[in-house]
Amino acid sequence: MPTNQTEQNPLSIDRQNSAYISSSDIFNTENNHTSTLGFRSSYTPDNATATATSTYNSTNGYGLVNAGAAVPQAVGQNPYSDVANLGGNNWGLDMINAPEVWANGHTGQGVIVAVIDTGVDTNHEDLRNNIWTNSKEIAGNGIDDDGNGYVDDTNGWNFNDNNNNTLDNNGHGTHVSGIIAGGNNGFGVTGVAYNSQIMAVKVLDESGSGSYSAIANGIYYAVDNGAKVINLSLGGDSSSRTLKSAIEYASSKGAIVVMAAGNDGESAPDYPARYANQTGIAVGAVDANKNLTDFSNRSGNTTMAYVTAPGQSVYSSVPNNQYANYSGTSMATPYVAGVVALMLSANPNLTEAQVRDIITSTAGNTSNETTPKTDSDFNFDFGSVVDDLFGGLSLNNKSISASSFNSQSLQKSNTFTTSSNTASVLSNNQTSTAYQMEFSHKYYQDSLPNSLANSPTDIDLGNNIDFTEFMNIIVTRLREYQKLLGG
């Protein structure tokens with residue numbers, strides 16, 4: 001269910017029009033839980049200074065992405081010095097330290113970012129100067145000039161309708177594009193990599209739904225036509241060999257696929273983000289206080305390249321020269337895609353494995369804290385204890401995980417959808433309640449009054465354990481150990 005960002009009133013949703021993926025595109029869910037981390041490398045530039053390495057946890061992965069540390073590490077430099085915050089609607093840029101990177105001359109120049117989504121308003125005032133153009137194609141002549149199999153694909157291709165019309169008839173893809181490459185022109189929105197180019201690849205319809213095969217074809221097209229960063233602000237329940245192969249193809253060609261974790265508030269990402277245990281980067285959403293949002297899927301127990309980025313009430317472009325605040329992991333994902341574009345503009349020779357390594361090792365969960373923790377600072381990860389103690393048990397044929405104690409999963413369909421919440425569109429800096437962007441799927445309220453977090457003893461595992469009492473005992477014992485060890 002969507003939530004009106006202006007009045008915070010629940011809006012009804014009609015799922016009847018959601019387009020389901022054809023059965024030929026659906027495969028059995030693969031077991032990724034036994035996979036090991038495959039992206040770590042020993043890569044360090046020759047002149048780099050050793051920096052802190054982030055640690056992984058099952059909630060927010062490696063933590064908040066940090067452009068101010070990732071980009072200099074990509075070129076063998078120390079983290080960039082702080083600069084003044086931009087403030088206002090640019091709070092997300094400040095949070096990930098993008099202005100620090102710009103101050104050192106890296107703005108995404110020369111990097112093509114494919115937005116595989118609902119299309120892009122290529123005429124938008126904040127985007128039109130940063131739209132990729134296929135220089136090998138002569139517009140409107142009805143001929144496949146470059147011989148790539150697509151006629152007049154001047155700015156990209158529409159794999160949903162199989163034509164060259166990549167205009168956004170939903171709003172989602174344009175919003176994502178603004179976060180990545182909105183112009184630094186003094187109005188509207190400024191993108192993370194504001195001199196990068198957006199390749200518009202439309203794979204979702206006007207409701208934001210589409211097929212695995214269309215998304216996979218979009219990835220192949222983007223890679224083959226020069227995209228080095230691929231933004232996938234979409235997700236679904238089921239794995240797909242077709243889609244997984246396309247992502248692996250991108251990796252083999254040196255392209256980095258950045259994927260939304262999903263908005264279900266669950267203990268692990270949706271697909272394709274779950275493939276980040278092997279390739280690509282998964283992204284969760286945080287709010288303006290750097291707290292993981294209630295709707296964001298967590299990183300899970302299987303170590304993967306998962307980081308977080310701003311995803312709550314993010315201001316960006318929407319069609320017809322308008323702007324809006326959207327929420328979702330869809331909004332967090334382009335922040336990370338933008339950071340990757342900044343890294344590649346600074347060092348085009350980075351491999352996919354090196355990008356993943358740098359992004360995760362410079363993220364927010366650093367392991368070199370030197371300030372002693374007090375008792376009040378101590379944070380205990382309840383989720384990991386629950387998972388360790390009860391990971392072998394199941395409830396309704398579903399493994400018990402930490403998310404059972406802090407959020408409630410909503411039913412999902414086998415549909416690939418955009419990963420965002422609803423938005424209020426802003427025009428001329430005024431809030432308009434007349435124009436509400438609403439998708440037909442995958443919306444979640446900010447608060448879940450019936451969540452298991454409010455009634456942990458309602459979980460029946462057949463052993464009559466009072467979880468509230470159990471956790472209180474655990475916390476008490478841990479604090480005793482902490483004091484004993486001088487923590």
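In the predicted model, the side chains of T279 and S251 form a polar contact at 3.3 Å. T279 is located in the loop that connects β7 (256-260) with β8 (281-286). Its relative accessibility is 8%, below the 20% limit, and T279 is therefore classed as buried. With neighbours within four places in sequence set aside, the contacts of T279 are I247, E248, S251, M259, E352 and R356. S251 thus appears both as the polar partner of T279 and in the list of its contacts.

The loop between β7 and β8 also contains P272. The peptide bond joining Y271 and P272 is cis, with omega at about 10 degrees. Most peptide bonds are trans, and most residues other than glycine have a negative phi. Positive phi values were computed for several asparagines. N97, in the loop between α2 (91-95) and α3 (98-102), has a phi near 65 degrees. N321 has a phi near 55 degrees and is placed in the loop between β10 (314-318) and β11 (322-326). N321 counts as partly exposed because its relative accessibility is 35%. N320 belongs to the hairpin of β10 and β11, which has 3 residues between its strands, and takes a positive phi near 65 degrees.

The two strands of this hairpin run antiparallel and are joined by 5 bridges. Within this pairing, S317 has Y323 of β11 as its bridge partner. All 5 of the 5 residues in β10 are buried, so the strand is largely enclosed by the rest of the structure.

Strand β1 (residues 112-117) is likewise largely enclosed by the rest of the structure, because 6 of its 6 residues are buried. The cover extends to both faces of β1. On one side the buried residues are I112, A114 and I116, and on the other they are V113, V115 and D117. β1 runs parallel to β3 (residues 197-202), to which 6 bridges join it; I112 is paired with Q197 of β3. A further 3 bridges link β1 to β5 (residues 229-232), again in a parallel arrangement. In that pairing, A114 has I230 of β5 as its bridge partner.

Helix α4 (residues 172-181) is mostly covered, with 10 of its 10 residues buried. The buried set consists of H172, G173, T174, H175, V176, S177, G178, I179, I180 and A181. In an α-helix there are 3.6 residues a turn, so residues three or four places apart point the same way. Burial in α4 is found at every one of its 10 positions.

The largest nonpolar core comprises 57 residues. Within this core, the residues with the most contacts are V229, I281, V339, V340, M343, V355 and I359. Helix α7 (residues 329-346) makes the greatest contribution to the core, supplying 12 residues. For I359, the contacts beyond four places in sequence are V65, I281, V307, V339, V340 and M343. A separate core of 41 residues includes I215, I230, I247 and A273. I230 of this separate core is the residue of β5 that pairs with A114 of β1, and I247 of the separate core is among the contacts of T279.

Over the whole protein chain, the secondary structure amounts to 10 helices and 16 strands. The chain has 487 residues, of which 55% count as buried. Among contacts with a separation of 6 or more, 76% are between residues 24 or more positions apart. The exposed area of the chain is about 20,000 Å², and carbon and sulfur atoms supply 44% of this area.

Confidence varies along the chain. The mean pLDDT is 75, and 64% of the residues reach 70 or more. In residues 1-50 the pLDDT is below 50, and the model gives this stretch 132 contacts beyond near neighbours in sequence. Residues 368-415 also have a pLDDT below 50, with 91 contacts in the model beyond near neighbours in sequence.

Technical notes. Residues are numbered from 1 along each chain as its sequence is written. This is a predicted model: local features need pLDDT of at least 70, side-chain atom pairs count only at pLDDT 80 or more; totals for chains, interfaces and linings use all residues. Side-chain values use heavy atoms; hydrogens and water are left out. Helices (H or I, at least four residues) and strands (E, at least two) are DSSP runs, numbered from the N terminus. Buried means under 20% relative accessible area, exposed over 50%, partly exposed in between (1.4 Å probe, protein chains only). A polar contact is a pair of N or O atoms within 3.5 Å; within protein, one must be able to donate a hydrogen and the other to accept it, and residues adjacent in sequence count only if both atoms are side-chain atoms. Contact means heavy atoms within 4.5 Å. pLDDT is the predictor's confidence in each residue, from 0 to 100. Accessible areas come from the Shrake-Rupley method with a 1.4 Å probe; for residues, only the protein chains shown count as cover. A nonpolar core is a set of buried Ala, Val, Leu, Ile, Met, Phe, Trp, Tyr and Cys residues joined through side-chain atoms within 4.5 Å. Two strands pair if DSSP finds at least two bridges between them.
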